[in-house]
Amino acid sequence: MDLKINQQTKPMDIKSRVELIDITSYVEKEVENSRVREGVCIITTPHTCAGIIINENEPGILLDIVNFLDKLVHSGEVYEHNKIDNNADAHLKTLLLGSSEVIPVVEGKLELGAWQSIFFAEMDGPRDERRVNVIVIKK
Ligand code: ZN
C-alpha cells in the first residue's frame, strides 16, 4: 500500500472568548495541494479549550450552538479546575465538541454534505497561539 501523508498547520488568531471560525476553504485548499485523489482528511486541533466541528454556516444556528453550550455548561458554577485556571467551562464545552473530524476525500475533493462546513471552535479566547492541523492520507 502506497501510504502518503500530507500534514499542514494553520495558525489561528482569535479575537473573542468564543468564536466559530469557518475553515472549510483552507481545508479544501490543503486537500487540493496534497494531490490525494482518494483517501481521508483528518482535521485536528491540539488544544484543550478549542474544538473542531462540522455544521452549517448560517448565522442563526451558529448563535444557537454557542447559546446551547452556555445552557449546558454554566460559567458561574463551582469547578475544581477554576482553583488553578479560571476556564473550566471552556474545557467542558470542548469536551462536548471534540478536537477532530475525519472527512472522506473522493476524486480529490472533501466529501462534505451540501450544508456542511468545518469550524474551528474557540471556547477560551482571545488567543494568538492556536493552530489547526490538516492531515490528508492517501488510500
Ligand atoms: Zn484550563
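Setting aside neighbours within four places in sequence, Gly-108 is in contact with Val-31, Val-36 and Arg-37. This glycine sits in the loop between S5 and strand S6 (109–110), and in the predicted model its relative accessible area is 17%. Gly-108 therefore counts as buried, since the cut-off for that class is under 20%. The link to Arg-37 spans a good stretch of chain: the two residues are 71 positions apart in sequence, yet their C-alpha atoms are separated by 3.9 Å.

It helps to place this loop within the overall fold. The protein chain comprises three helices and eight strands, which follow one another from the N terminus in the order β-β-α-β-β-α-α-β-β-β-β. Along the principal axes, the C-alpha trace spans about 50 × 30 × 25 Å. The chain has 139 residues, of which 39% count as buried. Among contacts with a separation of 6 or more, 83% are made by residues 24 or more positions apart.

Helix H2 offers a clear view of how one element is placed in this fold. Covering residues 59–72, H2 has 14 residues, and the distance from its first C-alpha to its last is 20 Å, close to the 20 Å expected at 1.5 Å a residue. Its buried residues are Leu-62, Ile-65 and Leu-69. Viewed down the helix axis, the buried residues of H2 fall within an arc of 55°, so they line one face of the helix. The spacing fits the geometry of such an element: an α-helix has 3.6 residues a turn, so residues three or four places apart point the same way. On the other side of H2, Pro-59, Leu-63, Phe-68 and Lys-71 are exposed. The buried residues of H2 pack against four elements, namely strand S2 (19–22), strand S4 (50–55), helix H3 (88–97) and strand S7 (117–122).

Helix H3 can be described in a similar way. Its residues Ala-88, Asp-89, Ala-90, Lys-93, Thr-94 and Leu-97 are buried, and the buried residues of H3 pack against S4, H2 and S7. The helix is followed by Gly-98, whose phi is positive, near 85°.

Two strand residues give a closer look at the interior. Phe-120 lies in strand S7, and with a relative accessibility of 0% it counts as buried. Phe-120 and Leu-95 are 25 residues apart in sequence, and their C-alpha atoms are 14 Å apart in space. Ile-103 belongs to strand S5 (residues 100–106) and, at 2% relative accessibility, counts as buried as well. Leaving aside neighbours within four places in sequence, Ile-103 is in contact with Val-40, Cys-41, Ile-43, Ile-54, Leu-110, Glu-111, Leu-112 and Ile-118. Between Ile-103 and Val-134, which are 31 residues apart in sequence, the C-alpha to C-alpha distance is 11 Å.

Cys-41, one of the contacts of Ile-103, leads on to the cysteines. Cys-41 is buried, with a relative accessible area of 0%, and Cys-49 also counts as buried, at 3% relative accessibility. Are any of the cysteine sulfurs joined, and how many disulfides does the model hold? The count comes to zero disulfides, because a disulfide would need a pair of cysteine sulfur atoms within 2.5 Å.

The model also contains a zinc ion, and its surroundings round off the picture. Which residues coordinate the zinc ion? The donors are His-81 (NE2), Asp-85 (OD), Asn-87 (OD1) and His-91 (NE2), at 2.1 to 2.2 Å. In sequence, these donor residues are spaced H-x3-D-x1-N-x3-H. Around the zinc ion, the four donor atoms subtend angles of 89 to 160°. A tetrahedral assignment would need all angles to lie between 85 and 135 degrees, so with angles reaching 160° the arrangement is irregular. As for the accessibility of the donor residues, His-81 counts as partly exposed at 25%, and Asp-85 likewise counts as partly exposed, at 34% relative accessibility.

Notes
Residues numbered from 1 in each chain as written. Predicted model: local features only at pLDDT ≥ 70, side-chain atom pairs only at ≥ 80, totals over all residues. Heavy atoms only, no water. Buried < 20%, exposed > 50% of the residue type's maximum accessible area, 1.4 Å probe, protein only. Donors = N, O, S within 2.8 Å, 3.2 Å for Na, K, Ca; no water. Tetrahedral: all angles 85-135°; square planar, octahedral: opposite > 155°, others 65-115°. Expected span 1.5 Å × (residues − 1). Arc of directions from axis to C-beta. Contact = heavy atoms within 4.5 Å.
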